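Visitor: Could you take me through one part of this model up close? I'd like to see how the pieces there fit together.

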Amino acid sequence: MASDGLRTLCVAYRDINTSNGRQDFGDNAQTIDFENENSVVSGLTCLGIFGVEDPVRPEVPKAIRRCQGAGVTVRMVTGDNVETARSIARKCGIIRDGDESLVLEGKEFNRLITDELGNISQMKLDKIWPSLRVLARSTPKDKFTLVEGIINSKATKHREVVAVTGDGTNDAPALKKADVGFAMGIAGTDVAKEASDIILTDDNFISIVKACMWGRNIFDNVSKFLQFQLTVNVAALSVSIISACVLGVMRLPTFAYPTAR
């Protein structure tokens, strides 16, 4: 089930008799200690194992392809089982069959990036994150470590710009550390919204694609405006300087203002 992207759920029961003020189990008349988890969950009868699917939104795979086409690398950090995470990532298009993408669990990720003393090694992290696409069974600390490691990395020519999405209180450190933090407007907590830079009012991944598109559009327009202004002003200034050098004098316009009588 996990390999098909289903979250596995087992349903079981036990009979409890509360006659005479005692909490007994079945015919054995054993007192149940509800403060002890092992006492409660022992002797259960299994009814069945179910697979619960959280379907991928139809527009998400296309949005991820647009991100990848624009040079944006999408990584999934989740607490799900590694097989479930792998299946969901394959459906979304984050990983593909035959590529060299890494899919790791949180424990394996921490083992690969720490040194003998248990400290995080940036050098080891730089060998992992470029090909890492899915981090399963991860903790909020793992998410923060990955974000911080990519920001501080020198593995690429230019510093990576990191954007993070999150909806829980535990996501706040990673949202705060990232260059751009996206919080969920519907399912997100107040703590996550305060730590983020942008709030997605519809909790939809495609909104991130639109934000990236408009952000790049504004950046391009500002760059073109500055280029145009610098070109025109430099040309005008060069003509003025050359004219002054040739004529020997620089004539400036004079203005006459009427005086009050």
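Guide: Sure! One term to begin with: contact here means heavy atoms within 4.5 Å. Keep in mind, too, that this is a predicted model.

Let's start with the sheet. Three strands make up an open sheet, ordered 6-8-7, and their pairing is parallel. Strand 6 (76-77) and strand 7 (102-105) are the edge strands, each pairing on one side only. Four bridges link strand 7 with strand 8 (residues 132-136), again in the parallel sense. Look for Glu 105 there: you'll find it opposite Ala 136 in strand 8.

Now add helix 4 (residues 106-113), which packs on the sheet and touches strand 7 and strand 8. Its direction makes about 100° with that of strand 7. Another helix on the sheet is helix 3 (residues 82-92), lying across strand 6, strand 7 and strand 8 and running at about 140° to strand 8.

Back to helix 4, which also has a helix partner. Two packed helices are described by the angle between their axes and the distance between the axes. For helix 4 and helix 6 (residues 140-151), the angle is about 45° and the axes are 10 Å apart. The two helices are therefore oblique to each other, and their crossing is left-handed.

So who meets whom? From helix 4 come Gly 106, Phe 109, Asn 110 and Ile 113, and from helix 6 come Asp 142, Thr 145 and Leu 146. Sorted by class, this contact has three nonpolar, three polar and one charged residues.

Note on methods. Residues are numbered from 1 along each chain as its sequence is written. This is a predicted model: local features need pLDDT of at least 70, side-chain atom pairs count only at pLDDT 80 or more; totals for chains, interfaces and linings use all residues. Side-chain values use heavy atoms; hydrogens and water are left out. Two strands pair if DSSP finds at least two bridges between them. Axes are lines fitted to C-alpha atoms, for helices over the stretch in contact, and angles run from 0 to 180 degrees between N-to-C directions. Angles under 35 degrees count as roughly parallel, over 145 as roughly antiparallel, 65 to 115 as roughly perpendicular and the rest as oblique. A crossing is left-handed if the near helix is turned anticlockwise from the far one by less than a right angle, and right-handed if clockwise. Ala, Val, Leu, Ile, Met, Phe, Trp, Tyr, Cys and Pro count as nonpolar, Asp, Glu, Lys and Arg as charged, and the others, Gly among them, as polar.
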